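Good morning, and thank you for the time on today's agenda. Please have the sequence and the structure open while I speak.

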Amino acid sequence: MATATSVVQMDPKVSGYVGKTHKMLINGKWVDAASGKTFPTYNPATGEVLSNIAEGDKEDINRAVKAARAAFETGAWSKISHSDRSRMIWKLADLLEQHLEEFAQLESLDNGKALKVARAADVPLAIDHFRYYAGWATKIEGNTIPFSGAPQGKFFAYTSREPIGVVGQIIPWNFPLLMAAWKLAPALAAGCTIVLKPAEQTPLTALRLGELVQEAGFPDGVVNIIPGYGETAGAALAAHDDVDKVAFTGSTEVGKLIVHAAAGNLKKVSLELGGKSPNIVFDDADVEATIPGAASAIFFNQGQTCCAGSRLFIQKDIFDKVVEGISEKASKIRVRQGFDPDCDMGPLVSEEQLNRVVGYMDSGKKEGARATVGGSREGTKGYFVKPTVLVDTTDKMKVVREEIFGPVVTASPFNSIDEIAAKANDTVYGLAAGIWTKDIKKAHALAAKIKAGTVWINCYNVFDATMPFGGYKQSGWGREMGHEVLKNYTEVKSVCAAL
Ligand code: ADP
């Protein structure tokens, strides 16, 4: 790994922020954990402690849920004018925009990702998300219902959409601020009150966002933020009897635990889980555009993306050419610390992830796969790995079947469109897929056959607040984004009056 001669200077506000021990946000106050305990968050580029954070536990979740319940029942948020609700969410977006550089730096430090990526993607997408849902706060409507089984005029029936109540939100570490925005923005627009638990690996931007929530003027108790571990704080939130709904993004394994935990009071559950997404390249694709597109589909965010294009299927005639092109791209990716202006790929988020991803690289090689590029750790300090392309794989290999959540792609050849849908669907997951071809008719015909929540054609990892995102099969329940997500945060009430 090359060392940079100069790295971006840390913003003094950021160095001041990481230097502190952070509290949790309950009922509009920053407080210590009831236990008094703290936990460290690490800089993945060095393995050194970045900040210490109040360690939320069951008792803190109880306090936060109580605050969220009180804020919900008083109507301080759910019953105010929807224009005021909209204005406040918009203000939060404005504040985030004013602090864009600070948030990008915090995200890069805590997660490891390239600062230039956090500046261009994570923070602007989070801002846009708040703006999009600020608009929805004034547009959540019901319907009037003409009866089918009674003469018209006998009954007047309509539906209304009401906020679901107190919402628990548990988010992962791959896009910490953006995932907070995906969860908070629609729930706020719908009028819910919230207890948010950020991932233990990356709590900093969610906590800083909590300060902006206060600055924007949200009533106390509307947004509560409890950092802590999944098995304690997360599990307590998912199981809490006074939480009406839990929204989770993370691994499929933990998603199943959430479902069990939620059974006690049958709270509503939405899940955005893992993936092993097929990325399909036909021999009539624009190869010049496909090679960088397919490389970015897997290597973006160090491959730590639930929808990463991790199973590459390439039509036989162009297999060697595309593999060679992607391998060359991978070899040129500059693996550096996030603050290095030349950084194309930062470290993985944690030592645990490093061991997991290197474990998969070794398992692939042991089962007979061959790395055309990469295949191991990068350097000895921090949690860096080499971007990796594996060929000579079989359908049974662990690297083909299991989610790696790192910059490792398997590439295999296919013969024709007739066999590719079955190959693409041969997975327990169904989050996303990519199709590369100049024949748009073929692309749409295949898109219809793929069991995945998102299909990208001649592009990949393209997100917009308007476009629903979520999974078929074991990739999840429900959809985030667009107007679809509002269903997650509202109850439908039918009202029927005899006339
Ligand atoms: P990963 O395995 O990639 O770290 P996880 O699914 O474990 O992803 O974590 C995603 C989020 O779920 C984090 O906020 C984590 O703290 C939380 N979490 C982990 N285990 C549990 C659990 N048993 N109950 C509730 N939340 C959990």
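I shall go through a sheet and its helices, then the ligand, and then several loop residues.

Please keep in mind throughout that this is a predicted model.

I begin with the sheet. It is open and has seven strands, in the order β15-β16-β17-β14-β13-β18-β19, and the pairing is mixed. The edge strands, each paired on one side only, are β15 and β19, the latter covering residues 454-457. On average, neighbouring strands of this sheet are turned by 25° against each other, with direction ignored.

Let me take some of the pairings in turn. β13 and β14 run parallel and are joined by four bridges; N279 has L312 in β14 as its bridge partner. β14 is also joined to β17, again in parallel, by five bridges, and here Q315 is partnered by F414 of β17. On β16, the pairing with β17 is parallel as well, over three bridges, and L390 has T410 of β17 as its partner. How many residues of β17 are buried? Six of its seven residues are, so to describe the strand as mostly covered is fair by the 20% limit on relative accessible area.

Now to the helices that accompany this sheet. α10 lies across β13, β14, β16, β17 and β18, and runs at about 170° to β18. Helix α15, residues 440-449, lies across β13, β18 and β19, running at about 170° to β19.

Helix α11 deserves a little more time. It comprises 14 residues, 319-332, and at 1.5 Å a residue it should span 20 Å; the end C-alpha atoms are 20 Å apart, which agrees. Which residues of α11 are buried? They are F319, V322, V323, G325, I326, S327 and A330. A general point helps in reading that list: an α-helix has 3.6 residues a turn, so residues three or four places apart point the same way. The buried residues of α11 pack against the strands β13, β14, β15, β16 and β17, and also against α10.

Another helix to note is α8, residues 230-239, whose buried residues are A233, G234, A236, L237 and A238. Among the elements covering them are α2, β8, β9, β11 and α9.

I turn to the ligand. It is surrounded by 18 residues, and the closest of these are I171, W173, K197, E200 and S251. Which atoms of the ligand are placed by polar atoms of K197 and S251? In both cases an oxygen atom: one is 2.9 Å from an N or O atom in the side chain of K197, and one is 2.8 Å from a polar side-chain atom of S251. In addition, a polar backbone atom of A235 is 3.4 Å from a nitrogen atom of the ligand.

I come now to the loops, starting with T437, which is located between β18 and α15. Is this residue buried or exposed? Its relative accessibility is 1%, so T437 counts as buried. Its side chain makes a polar contact of 2.7 Å with the side chain of D284. Neighbours within four places in sequence aside, T437 is in contact with F282, D284, A285, K442, A443 and N458.

That last contact, N458, has a feature of its own: a positive phi of about 55°, although it is not a glycine. As general background, most residues other than glycine have a negative phi. N458 sits in the loop between β19 and β20, and it is partly exposed, at a relative accessible area of 37%.

F405 likewise has a positive phi, of about 60°, and is not a glycine. F405 belongs to the loop between α13 and β17. With a relative accessible area of 15%, F405 is buried.

My final residue is T466, in the loop between β19 and β20. T466 is partly exposed, with a relative accessible area of 44%. The side chain of T466 makes a polar contact with that of D464, at 2.5 Å. Beyond its neighbours within four places in sequence, T466 is in contact with Y132 and G482. How far apart in space are T466 and E480, which are 14 residues apart in sequence? From C-alpha to C-alpha, the distance is 9.6 Å.

That concludes my presentation, and I am glad to take questions.

Notes:
Residues are numbered from 1 along each chain as its sequence is written. This is a predicted model: local features need pLDDT of at least 70, side-chain atom pairs count only at pLDDT 80 or more; totals for chains, interfaces and linings use all residues. Side-chain values use heavy atoms; hydrogens and water are left out. Helices (H or I, at least four residues) and strands (E, at least two) are DSSP runs, numbered from the N terminus. The expected span of a helix is 1.5 Å times one less than its number of residues. Buried means under 20% relative accessible area, exposed over 50%, partly exposed in between (1.4 Å probe, protein chains only). Contact means heavy atoms within 4.5 Å. Two strands pair if DSSP finds at least two bridges between them. Axes are lines fitted to C-alpha atoms, for helices over the stretch in contact, and angles run from 0 to 180 degrees between N-to-C directions. A residue is near a molecule or strand if one of its heavy atoms lies within 4 Å of it. A polar contact is a pair of N or O atoms within 3.5 Å; within protein, one must be able to donate a hydrogen and the other to accept it, and residues adjacent in sequence count only if both atoms are side-chain atoms.
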